[in-house]
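Student: Could we go through this structure and check what the descriptive words rest on?

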Amino acid sequence: MNRRTFIRRGLWGGLLLAVGGSVGLATWPTERRYKARRGLEAVNERQFAILAAVAARMVGAPKADPVEIAHRVDATVALGPPEAKADFGKLLLLLENALAGLLLDGRARPFTPLSPEAQDDVLLRWQRSHLLVRRSGYGVLRKLTQAAHYAAPEAWADVGYPGPPQLTRPM
């Protein structure tokens with residue numbers, strides 16, 4: 001074998017290994033720390049686990065329940081058209097994807113198995129990203145999770161809100 005053939009085979013072999021390794025990164029399984037307590041309407045169980053992990057990092061209230069927040073977001077997203085549901089699911093999978101994390105942030109692990117501090121760092125990178133899809137995605141996730149928590153009557157006391165005024169009808 002001459003030097004050119006050796007180098008060519010080495011380059012193709014390296015490319016094959018890189019592609020094979022990247023497929024593994026892209027298909028790394030989601031760590032399902034959070035499981036749905038009832039039926040899901042807009043996301044699947046994998047996406048739900050990612051959404052609940054995001055909710056755990058986005059909503060810092062002491063009594064916030066990431067699983068309940070994820071259920072409320074799921075119910076909200078289910079009200080939208082099928083295209084919006086599909087796009088929301090893709091957004092969650094993009095956040096979880098280790099290959100995208102490696103290419104964009106140098107992180108070779110999915111979002112869900114990361115430590116809380118590392119998850120915060122990933123979300124901060126999304127918030128400050130030069131890519132519109134990541135900045136917009138961060139905004140959607142933040143707004144939906146926060147709204148899902150603070151719209152619930154049991155969270156009102158956390159922010160000192162006594163609830164809506166009780167109107168009485170004149171008799």
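Tutor: We will take a few terms in turn and set each against its cut-off. Note that the model is predicted.

Student: What makes up the protein, helices or strands?

Tutor: The protein has 7 helices and 0 strands. From the N terminus on, the elements run α-α-α-α-α-α-α. Of its 171 residues, 35% count as buried.

Student: Why does Gln119 count as buried?

Tutor: Buried means under 20% relative accessible area. Gln119 is at 3% relative accessibility, so Gln119 counts as buried. Gln119 lies in helix α6.

Student: Which residues does Gln119 touch, leaving aside those up to four places away in sequence?

Tutor: Gln119 touches Arg33, Ala53, Arg57, Phe111, Thr112 and Leu114.

Student: What makes the pair of Gln119 and Phe111 a polar contact?

Tutor: The cut-off is a pair of N or O atoms within 3.5 Å, where one can donate a hydrogen and the other can accept it. A polar atom of the Gln119 side chain lies 3.0 Å from the backbone oxygen of Phe111. That distance is within 3.5 Å, so the pair meets the distance cut-off.

Student: Why are α4 and α6 called oblique to each other?

Tutor: Helix α4, residues 82–96, and helix α6, residues 116–127, pack at an angle of about 120°. Angles of 65 to 115 degrees count as roughly perpendicular and those over 145 as roughly antiparallel. The angle of about 120° falls in neither range, and α4 and α6 are therefore oblique. Their axes are 11 Å apart.

Student: Which residues make that contact?

Tutor: On α4 they are Leu91, Leu94 and Leu95, and on α6 they are Val122, Leu123 and Trp126. The residues of this contact divide into 6 nonpolar, no polar and no charged.

Student: How do you know that the buried residues of α5 line one face of the helix?

Tutor: In α5, residues 98–105, the buried residues are Ala98, Ala100, Gly101 and Asp105. Seen down the axis of α5, these buried residues fall within an arc of 155°, so they line one face. As background, an α-helix has 3.6 residues a turn, so residues three or four places apart point the same way.

Student: What happens at the ends of α5?

Tutor: Asn97 caps the N-terminal end of α5, with a side-chain oxygen 2.7 Å from the backbone nitrogen of Leu99. Just after α5, Gly106 takes a positive phi of about 80°.

Terms used:
Residues are numbered from 1 along each chain as its sequence is written. This is a predicted model: local features need pLDDT of at least 70, side-chain atom pairs count only at pLDDT 80 or more; totals for chains, interfaces and linings use all residues. Side-chain values use heavy atoms; hydrogens and water are left out. Buried means under 20% relative accessible area, exposed over 50%, partly exposed in between (1.4 Å probe, protein chains only). Helices (H or I, at least four residues) and strands (E, at least two) are DSSP runs, numbered from the N terminus. The arc is that of the directions from the helix axis to the C-beta atoms. Axes are lines fitted to C-alpha atoms, for helices over the stretch in contact, and angles run from 0 to 180 degrees between N-to-C directions. Angles under 35 degrees count as roughly parallel, over 145 as roughly antiparallel, 65 to 115 as roughly perpendicular and the rest as oblique. Contact means heavy atoms within 4.5 Å. Ala, Val, Leu, Ile, Met, Phe, Trp, Tyr, Cys and Pro count as nonpolar, Asp, Glu, Lys and Arg as charged, and the others, Gly among them, as polar.
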